[in-house]
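Let's look at one protein model together and ask how each label is earned. Keep the picture open as you read.

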Amino acid sequence: MTAFSEQFRNDLVGLTDNTASRAEAFDRFEGLGLPSVRDEAWRYTNLGGLAKKTPRLAATDQSEKAGILLDKAALPDLGGARFVVVNGRLDQALSSTTTDVDGVVINQTAAPYPTDTARALTALNKALSQDPLVIDIAPNVAVTTPITIVHVAAQNDDEAAHPHVQLRLGKGATATVVFAFIGGDQAYWVNAVLSADIGDNANLQTVILYDDGRQALNTNLLRVSQASHSRFRNTALLIGGKTQRHEVIVTVTGQGAETDLEGAALARAGQSQDIYTELNHTVPHGTSRQVFRNVADKGGAVAFQGRVVVAEGAQKTDASQSSRSLLLDRSAEANTKPELEIYADDVKCAHGATVGELDAEALFYLESRGIDQVTAKAMLVEAFVAATLENGPVATFEDLLQARVASWMQQRGGDL
């Protein structure tokens with residue numbers, strides 16, 4: 001047993017609800033081991049440094065520190081229920097769980113939940129997550145104000161948290177959920193699992209902001225199951241951390257479902273941002289669209305891997321991917337790897353991927369109209385990213401995402 005595994009084994013033993021299912025999940029994690037760059041799906045996310053550490057389970061009595069980080073993040077009040085998860089556990093004092101919508105049930109206590117333990121980090125999450133947050137929305141209930149879930153890493157160096165959130169939408173239900181990951185300057189690890197089961201004719205829209213501290217590692221899996229004629233949309237912005245991975249696995253199990261995945265990643269020196277998507281069309285008449293825009297600055301690295309699998313018999317599937325990456329410096333790195341795996345013969349599937357620099361003609365046009373070069377470049381980058389952030393499900397939060405991009409550009413200043 002490595003020191004890494006031994007530390008987590010000790011954390012597992014220390015949990016008050018150390019169940020057989022936790023132990024089984026941990027054994028599964030140990031059997032699989034940490035993902036490495038030798039694994040195709042993880043070739044752009046390097047966890048090698050993590051294996052050399054012995055990250056312990058983060059302390060949960062950090063409400064005061066978390067409150068300071070929340071104030072600094074200045075997240076908008078969206079008017080609905082807000083849950084604050086500190087170091088992987090729900091913090092009642094910082095949360096506002098008031099909702100006027102009947103048919104919404106919040107489970108704030110530990111409960112078994114389904115997890116794909118074929119993936120090592122989800123198995124570890126199942127073994128070590130504390131107080132999984134389960135939100136059930138009854139059939140035909142429309143939650144008109146967004147639900148906000150903020151994950152605050154009030155952690156010390158070499159501490160880990162394993163939050164889990166499960167959303168379950170009944171037939172015809174509608175909801176919008178906003179997730180935000182924020183944290184301090186410590187070298188912490190957040191290993192989160194967000195899962196959503198969307199019933200027939202239900203509609204779920206989600207937004208995720210990854211704004212971790214500059215030394216952080218964030219490996220987040222969003223697992224989604226869609227029933228017939230359901231609709232799912234996810235918008236993500238990766239802008240913080242040292243290493244961030246946004247992984248989305250969608251399985252379409254009912255005909256007529258619609259899926260939209262979009263987002264952007266911005267990386268500067270010492271940062272690595274990886275977006276990995278897998279969309280499984282298992283039945284006919286599914287529609288999916290993926291649009292991602294990534295920006296890599298001097299010494300930064302961005303990556304997009306998008307895998308679409310159309311099963312045998314999933315006829316009339318319409319799936320498209322678009323990935324564009326922008327390099328602001330010759331030392332920046334961008335990788336893009338779209339994949340189509342098709343076993344049906346009556347489908348419409350396409351992908352496009354580009355990597356390039358700022359448009360010289362567009363830059364000249366702006367400068368010729370009296371706009372200084374720094375401002376002109378910032379305008380072009382912000383417009384490039386905005387293609388995936390505008391017209392989002394939550395206008396107020398969309399404004400915040402675009403403000404984060406503008407701030408990222410302002411911090412570069414004369415380095416452009």
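Q: What does touching mean when a helix is said to lie across strands?
A: Contact means heavy atoms within 4.5 Å. Keep in mind that this is a predicted model. Helix α7 (residues 373-389) lies across β13, β15 (258-267), β17 (287-296) and β19 (318-327). The direction of α7 makes about 155° with that of β17.

Q: Why is Ser5 called buried?
A: Buried means under 20% relative accessible area. Ser5 has a relative accessible area of 10%, so Ser5 is buried. Ser5 lies in helix α1, and the residues touched by Ser5, not counting those up to four places away in sequence, are Phe26, Phe29 and Glu30.

Q: What makes Gln373 partly exposed?
A: The label partly exposed covers what falls between buried, under 20%, and exposed, over 50%. Gln373 is at 36% relative accessibility, so Gln373 counts as partly exposed. You can find Gln373 in helix α7. Its C-alpha atom is separated by 7.6 Å from that of Leu363, 10 residues apart along the chain.

Q: How do you know that α5 is mostly covered?
A: Count the residues under the 20% cut-off. In α5, 8 of its 9 residues are buried. They are Ala120, Leu121, Thr122, Ala123, Leu124, Asn125, Ala127 and Leu128. These buried residues pack against α1, α2 (20-32), β1 (56-57), β8 (164-169), β10 (189-198) and β12 (217-226).

Q: How do you know where helices α1 and α5 meet?
A: The axes of α1 (residues 3-14) and α5 (residues 120-128) come within 9 Å and cross at roughly 35°. On the α1 side the contact is made by Phe8, Asp11 and Leu12, and on the α5 side by Leu124, Ala127 and Leu128. By class, these residues divide into 5 nonpolar, no polar and 1 charged. Asp counts as charged. A general point helps when you look at a helix: with 3.6 residues a turn, residues three or four places apart point the same way.

Q: Why are β3 and β21 said to stand at the edges of the sheet?
A: The open sheet has 10 strands in the order β3-β2-β6-β9-β11-β13-β15-β17-β19-β21, with mixed pairing. β3 (89-90) and β21 (348-356) each have a single partner strand, so one side of each is left without a neighbour in the sheet. Helix α4 (residues 63-73) packs on this sheet, where α4 touches β2 (82-86), β6 (147-153) and β9 (174-183). The direction of α4 makes about 120° with that of β6.

Q: How do you know that β11 and β13 pair?
A: Two strands pair if there are at least two bridges between them. Here 8 bridges join β11 (residues 203-211) to β13 (residues 231-238), and the two run parallel. The count of bridges meets the rule, so β11 and β13 pair. One example is Ile208, whose bridge partner in β13 is Ala236.

Q: What makes a space in the model a cavity?
A: A cavity is a set of points where a 1.4 Å probe fits but cannot get out. There are 4 cavities of 30 Å³ or more, and the largest cavity has a volume of about 50 Å³.

Q: Which residues line the largest cavity?
A: Among them are Val85, Asn87, Gly88, His151, Val152 and Phe181. β6 gives the most to the lining, with 3 residues. By class, the lining has 7 nonpolar, 4 polar and no charged residues.

Conventions
Residues numbered from 1 in each chain as written. Predicted model: local features only at pLDDT ≥ 70, side-chain atom pairs only at ≥ 80, totals over all residues. Heavy atoms only, no water. Helix = DSSP H or I, 4+ residues; strand = E, 2+ residues; numbered from the N terminus. Axes fitted to C-alpha atoms, helices over the stretch in contact; angles between N-to-C directions. Buried < 20%, exposed > 50% of the residue type's maximum accessible area, 1.4 Å probe, protein only. 1 Å grid on protein atoms, 1.4 Å probe; cavity = no way out; pocket = protein on both sides within 12 Å on 5 of 7 lines; lining within 4 Å. Points joined across faces, edges and corners; volume = space filled by probe spheres on them.
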